[in-house]
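Please open the structure in your viewer and keep the sequence beside it, so that each selection can be made in turn. The tour moves from one selection to the next and describes what is found at each stop.

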Amino acid sequence: MSRDEIKSVVLRVLGRIVPEADMQQLKPDRRLRDQLDIDSMDLLNFIVGLHKELRVEIPEADYARLATLDGCVDYLAAHQSGS
Amino acid sequence: MAEFVMPQLGADMTSGKLLRWRKNVGDRIQRGDVIADVETDKADIEVEVFTTGVIEKVLVQPEEKVPIGTVMAIIREEGKAAAVAVPPVSAVPAIALVPAPPTIAAPTVSAPSSPAEMGGPRLHISPVARKLAADLGIDPVTVTGTGPGGRITMEDIEHAAQAKKAPPVAEATLDRAARMRQIIAAAMTRSKREIPHYYLSTTIDMSRALAWLTQENLKRSVEQRLVYGVLLLKAVALALREIPELNSVWSNGKVMQCPDVNVGVAVSLRGGGLVAPALHHTDHLSIDDLMKNFSGLIQRARAGSLRSSELSDPTITVTSLGEQGVEAVFGIIYPPRSHSSASARSRNIHGRPRGRSHRGPC
């Protein structure tokens with residue numbers, strides 16, 4: 001998957017959790033939790049959503065790397081099956 | 001005969017709107033069945049019934065908003081004689097007795113009233129609203145209907161009565177979020193005014209719990225992982241089981257101990273607002289079931305669809321605000337509970353994680 005495709009999956013999963021947010025306004029290098037109203041349950045649902053869509057195992061120790069939108073895309077691109 | 005009344009689903013609820021009946025006249029129902037969907041300011045609730053029997057009569061129509069305590073249906077309890085006598089089998093009926101056809105179906109627009117009764121223009125108003133109008137001295141002709149098809153509802157009559165009493169105030173149409181904030185404000189104000197609050201605080205060493213959590217989650221795939229919150233909920237539940245005096249509510253001027261531990265979880269709603277539904281039998285749930293139920297409860301609370309027993313049964317309210325750096329939370333008791341437990345961020349003191357927890361009893 002290209003970075004753009006991954007980014008669009010990430011935004012789609014995020015959109016299901018935070019339906020009222022405007023994804024277009026999201027700054028890719030700022031922490032998601034500073035821009036969106038998400039708690040630990042939302043974060044877990046986000047990780048589960050990514051796992052389901054992209055088949056990537058994300059251990060808890062790596063959650064910090066998914067703090068920003070760029071971080072998510074970088075991580076998921078690097079951990080795609082086959083890469 | 002048993003009566004099914006509009007339940008009070010939360011200390012701040014004064015009325016509810018029937019959205020739809022889930023059972024019809026003639027249906028057999030059991031304790032625990034969902035009998036109706038009711039709209040409150042906080043959510044659409046599936047209302048469960050506590051009687052076993054057969055629905056004999058229905059008194060409130062869909063889209064009608066009624067005060068709590070209003071009788072909505074009559075249920076013939078099991079084992080009791082029917083209101084209508086059935087002829088003995090030996091009789092030779094040429095016409096068989098058939099049960100009355102259901103008087104309610106899908107939401108319908110009520111038939112217009114007969115002009116002869118009113119002596120005026122045909123009015124689109126339900127019998128219940130018409131009676132209320134008569135009781136309150138309101139002439140329905142002067143009321144604008146806001147129900148389906150311009151029908152005059154009980155709420156319209158109530159507003160007209162209010163407008164008569166008080167000088168007219170420009171009333172903006174309030175959406176659900178705004179209404180919810182109003183009723184939460186009212187409930188919390190009342191709580192602070194009427195319930196003497198005092199606070200106890202303790203700092204808890206969370207290192208073992210957090211270490212256990214990390215180890216557990218390492219072994220689990222994403223869908224099975226646990227959040228920190230479930231450890232808090234389970235701990236509170238076990239504490240309540242050990243000290244049952246704290247598992248109580250205030251009712252009719254006295255403390256009533258509750259037989260079950262149903263921890264109410266404060267859930268913030270997207271777009272503002274708060275609801276605190278219960279996790280039933282929290283002390284008996286395994287960690288895995290607790291996580292599953294907790295997650296499901298939050299989802300349904302945020303989707304605005306909960307069960308009535310989840311709103312009426314909590315025996316304590318638990319708030320956890322540790323996510324964004326808050327160090328301490330001093331909660332407000334949500335009546336009729338008599339206690340509230342709040343915990344916040346755990347941080348390292350002398351190298352070991354400590355969480356702070358406050359309990360505010362009445």
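What follows is a walk through a predicted model, beginning with the confidence values and ending at the place where the two chains touch.

**Stop 1: colour by confidence**

Before selecting anything in detail, colour the model by pLDDT, and keep in mind that the model as a whole scores ipTM 0.82 and pTM 0.65. Chain B has a mean pLDDT of 77, and 77% of its residues reach 70 or more. Among the elements of chain B, strand β6 (residues 53-58) has the highest mean pLDDT, 94, while helix α1 (residues 115-118) of chain B has the lowest, 36. Now select residues 81-121 of chain B, where the pLDDT is below 50, although this stretch has 39 contacts in the model beyond near neighbours in sequence. Then select residues 167-173 of chain B, where pLDDT also stays under 50 and for which the model has one contact beyond four places in sequence.

**Stop 2: chain A**

Select chain A and show it as a cartoon: its secondary structure comes to four helices and zero strands, which read along the sequence as α-α-α-α. Chain A has 83 residues, of which 19% count as buried. Among the contacts in chain A with a separation of 6 or more, 60% are between residues 24 or more positions apart.

Next, pick out Gln24(A), which is placed in the loop between α1 (3-17) and α2 (32-35) of chain A. Is Gln24(A) buried or exposed? Gln24(A) counts as exposed, because it has 6 C-beta neighbours inside 10 Å, and a residue is called exposed when that number is 12 or fewer. If you draw a distance from the C-alpha atom of Gln24(A) to that of Leu11(A), the two are separated by 9.4 Å, although the residues lie 13 apart along the chain.

**Stop 3: the five-stranded sheet of chain B**

Move to chain B and select the strands of an open sheet whose order is β7-β2-β4-β5-β16, with mixed pairing. In this sheet β7 and β16 (305-307) of chain B stand at the edges, each with a single partner strand, so one side of each is left without a neighbour in the sheet. Neighbouring strands of this sheet are turned against each other by 35° on average, direction ignored.

Start from the β7 edge, where β2 (residues 15-21) and β7 (residues 65-67) of chain B pair in the antiparallel sense over three bridges, and where Ser15(B) has Pro67(B) in β7(B) as its bridge partner. β2(B) also pairs with β4 (residues 34-39) of chain B, again antiparallel, over four bridges, and here Lys17(B) stands opposite Glu39(B) of β4(B). At the other edge, β5 (residues 44-48) of chain B and β16(B) run parallel and are joined by three bridges, with Asp44(B) having Ser305(B) in β16(B) as its bridge partner.

**Stop 4: the four-stranded sheet of chain B**

Now select the four strands that form an open sheet in the order β1-β8-β6-β3 of chain B, with antiparallel pairing. The edge strands are β1 (2-5) and β3 (28-29) of chain B, each of which pairs on one side only. For a closer view, select β3(B) and β6(B), which pair in the antiparallel sense over two bridges, and find Arg28(B), whose bridge partner in β6(B) is Val54(B).

**Stop 5: the nonpolar cores**

In soluble globular proteins, nonpolar side chains tend to be buried together. Which members of the largest nonpolar core touch the most other members? In this core of 59 residues they are Leu233(B), Val263(B), Val265(B) and Phe294(B). The largest share of this core, seven residues, comes from α6(B). Centre the view on Val265(B), whose contacts beyond its neighbours within four places in sequence include Leu233(B), Ala276(B), Leu279(B), Phe294(B) and Val318(B). A second, separate core has 15 residues, among them Leu14(A), Leu44(A), Ile58(A) and Leu66(A).

**Stop 6: where the chains touch**

Finally, show both chains together: 14 residues of chain B are in contact with eleven residues of chain A. On the chain B side, α5 (207-219), α6 (228-242) and α7 (287-303) each supply at least two residues, and α5(B) gives the most, with three. The residues on this side of chain B divide into five nonpolar, five polar and four charged.

Definitions and conventions. Residues are numbered from 1 along each chain as its sequence is written. Chains are lettered from A and ligands numbered from 1 in the order in which they are written. This is a predicted model: local features need pLDDT of at least 70, side-chain atom pairs count only at pLDDT 80 or more; totals for chains, interfaces and linings use all residues. Two residues are in contact if their C-beta atoms, placed from the backbone, lie within 7 Å. Ala, Val, Leu, Ile, Met, Phe, Trp, Tyr, Cys and Pro count as nonpolar, Asp, Glu, Lys and Arg as charged, and the others, Gly among them, as polar. A residue is buried if 20 or more other C-beta atoms lie within 10 Å of its own, exposed if 12 or fewer, and partly exposed in between; C-beta atoms are placed from the backbone. Two strands pair if DSSP finds at least two bridges between them. A nonpolar core is a set of buried Ala, Val, Leu, Ile, Met, Phe, Trp, Tyr and Cys residues joined through C-beta atoms within 7 Å. Axes are lines fitted to C-alpha atoms, for helices over the stretch in contact, and angles run from 0 to 180 degrees between N-to-C directions. pLDDT is the predictor's confidence in each residue, from 0 to 100.
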